[in-house]
Amino acid sequence: MEEKRRLDRLKEEYNQIPVSKEARNRILAGIEKGKKDKRQRRVVIAVKRTGLAAAAAAAVFVIGVNASSTVAAAMEKVPFLGQIAEVVTLRTYRDQQDKHQANIQVPEIRTENGADLTVNKSIEEYANELIAQYEAQIQGDQEGEGHYSLDSTYSVVTDNEKYLSLKISTTAVMGSGAQYVKIFTIDKRTGEELILEDLFENPEEKFAAISDNIKEQMVAQMAADESKMYFYGTGDQLTDTFQGITGNESFCFNEQGELVIVFDEYTVAPGYMGAVEFVIPKDVTGEMK
């Protein structure tokens, strides 16, 4: 009986999302637009690569004829885009009014040779969506009675031989807060941004295995700690909405090289749980690219 009352209380909290529906929808719409734009850019990049591959083949032929084998071998070890040197704050959007405030950091990933990474465009577009969402919110507050703030910061959560993961954490506050997480993961060998399916030879098979593992973790955590709740394994059809990962989730890697899947607040758990993450064991993911 006590457990049922707890679930009823949590469902009521979930249905009473503290951030206005309009504001939340604008943030989610911006995130979806960024995903769509990224997929379109990937098609363009693939087309461009065909031309680059032909040019690279010609360059290798010239090296073979005109340079020593030692020089050629040294050149092969130099990444095309150059080593990633640092992550810096490109700019910061700040605004302070009577009842509204924003602090949005816009990071940039730089390379040692100054090569321009396409992921930086994605990062800036994401930041611009947050800024537009904030400005639309305060413009829509005609009577000036609302309180609204948007705070977005970044941190490097993965930096190993293969990958760099840049995490952008955003908190929108209107009475209470909502957390949103976006992680840009870059393959250091190519300089390109990755999505989950890029990590596996058979994405569909691995997505199913990862989803099953996440469900197992959810059930285990709820059994061990009654204060935790996920939208799976509660026995209630109204809350058991998590079916599995879609491939659009943010991800990074921990120090052991294990895959970490990150979900926004309200995505797989009630708002009081905040943004949640799951570490996927290597025996589930298998060898990643």
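**Exercise 1. How far apart are the end C-alpha atoms of helix α5 (residues 203-224), and what should its 22 residues span at 1.5 Å a residue?**

Before we start, a word on the model: this is a predicted model, where local features need pLDDT of at least 70 and side-chain atom pairs count only at pLDDT 80 or more, while totals for chains, interfaces and linings use all residues. Residues are numbered from 1 along each chain as its sequence is written, and side-chain values use heavy atoms, with hydrogens and water left out.

*Step 1.* Get the helix. Helices here are DSSP runs of H or I with at least four residues, strands are runs of E with at least two, and both are numbered from the N terminus.

*Step 2.* Get the expected span, which is 1.5 Å times one less than the number of residues. For α5 that comes to 32 Å.

*Step 3.* Compare. The end C-alpha atoms of α5 are 31 Å apart, which agrees.

**Exercise 2. Work out which residues of α5 are buried and what they pack against.**

*Step 1.* Fix the cut-offs: buried is under 20% relative accessible area, exposed is over 50%, and partly exposed is in between, using a 1.4 Å probe and protein chains only.

*Step 2.* Pick out the buried residues of α5; among them are Phe207, Ile210, Ile214, Met218 and Met222. Polar side chains turn up too, including Ser211, Asn213 and Gln221. Recall that an α-helix has 3.6 residues a turn, so residues three or four places apart point the same way.

*Step 3.* Look for partners by contact, meaning heavy atoms within 4.5 Å. The buried residues of α5 pack against β8 (259-263), β9 (276-280) and α6 (282-285).

*Step 4.* Add the geometry: α5 lies across β8 and β9 and runs at about 120 degrees to β9. Such angles run from 0 to 180 degrees between N-to-C directions, with axes as lines fitted to C-alpha atoms, for helices over the stretch in contact.

**Exercise 3. Lay out the sheet that holds β8 and β9.**

*Step 1.* Apply the pairing rule: two strands pair if DSSP finds at least two bridges between them. The three strands form an open antiparallel sheet, ordered β7-β8-β9.

*Step 2.* Find the edges. β7 (250-253) and β9 each have a single partner strand, so one side of each is left without a neighbour in the sheet. From one strand to the next, the twist averages 25 degrees.

*Step 3.* Go through the pairs. β7 and β8 are joined by four bridges, with Phe251 partnered by Ile261 in β8. β8 and β9 are joined by five bridges, and Ile261 stands opposite Phe278 in β9.

*Step 4.* Check the turn: five residues sit between β7 and β8 in their hairpin, where Gly257 takes a positive phi near 80 degrees.

*Step 5.* Check the faces of β7. Ser250 and Cys252 are buried on one side, Phe251 and Phe253 on the other, and both faces are covered.

**Exercise 4. Now lay out the six-stranded sheet and find the helix packed on it.**

*Step 1.* Write down the order, which is β1-β2-β3-β4-β5-β6, an open sheet with mixed pairing.

*Step 2.* Spot the edges: β1 (84-96) and β6 (192-193) have a single partner strand each, so one side of each is left without a neighbour in the sheet.

*Step 3.* Add the helix. α4 (residues 119-140) touches β1, β2 (100-111), β3 (148-159), β4, β5 and β6, and its direction makes about 175 degrees with that of β2.

*Step 4.* Zoom in on one pair: β4 and β5 (residues 176-187) are antiparallel over twelve bridges, and Lys167 has Ile183 as its bridge partner in β5.

**Exercise 5. Describe the surroundings of Ser165 and Ser152.**

*Step 1.* Place them. Ser165 lies in β4 (residues 163-174), and Ser152 is in β3.

*Step 2.* Check burial: Ser165 has a relative accessible area of 0%, so buried, and Ser152 is also at 0% and counts as buried.

*Step 3.* List contacts beyond four places in sequence. Those of Ser165 include Val157, Thr185 and Phe251; those of Ser152 include Gln105, Leu130 and Thr170.

*Step 4.* Look for polar contacts, pairs of N or O atoms within 3.5 Å; within protein, one must be able to donate a hydrogen and the other to accept it, and residues adjacent in sequence count only if both atoms are side-chain atoms. The side chains of Ser165 and Thr185 make one at 2.9 Å, and those of Ser152 and Thr170 make one at 3.0 Å.
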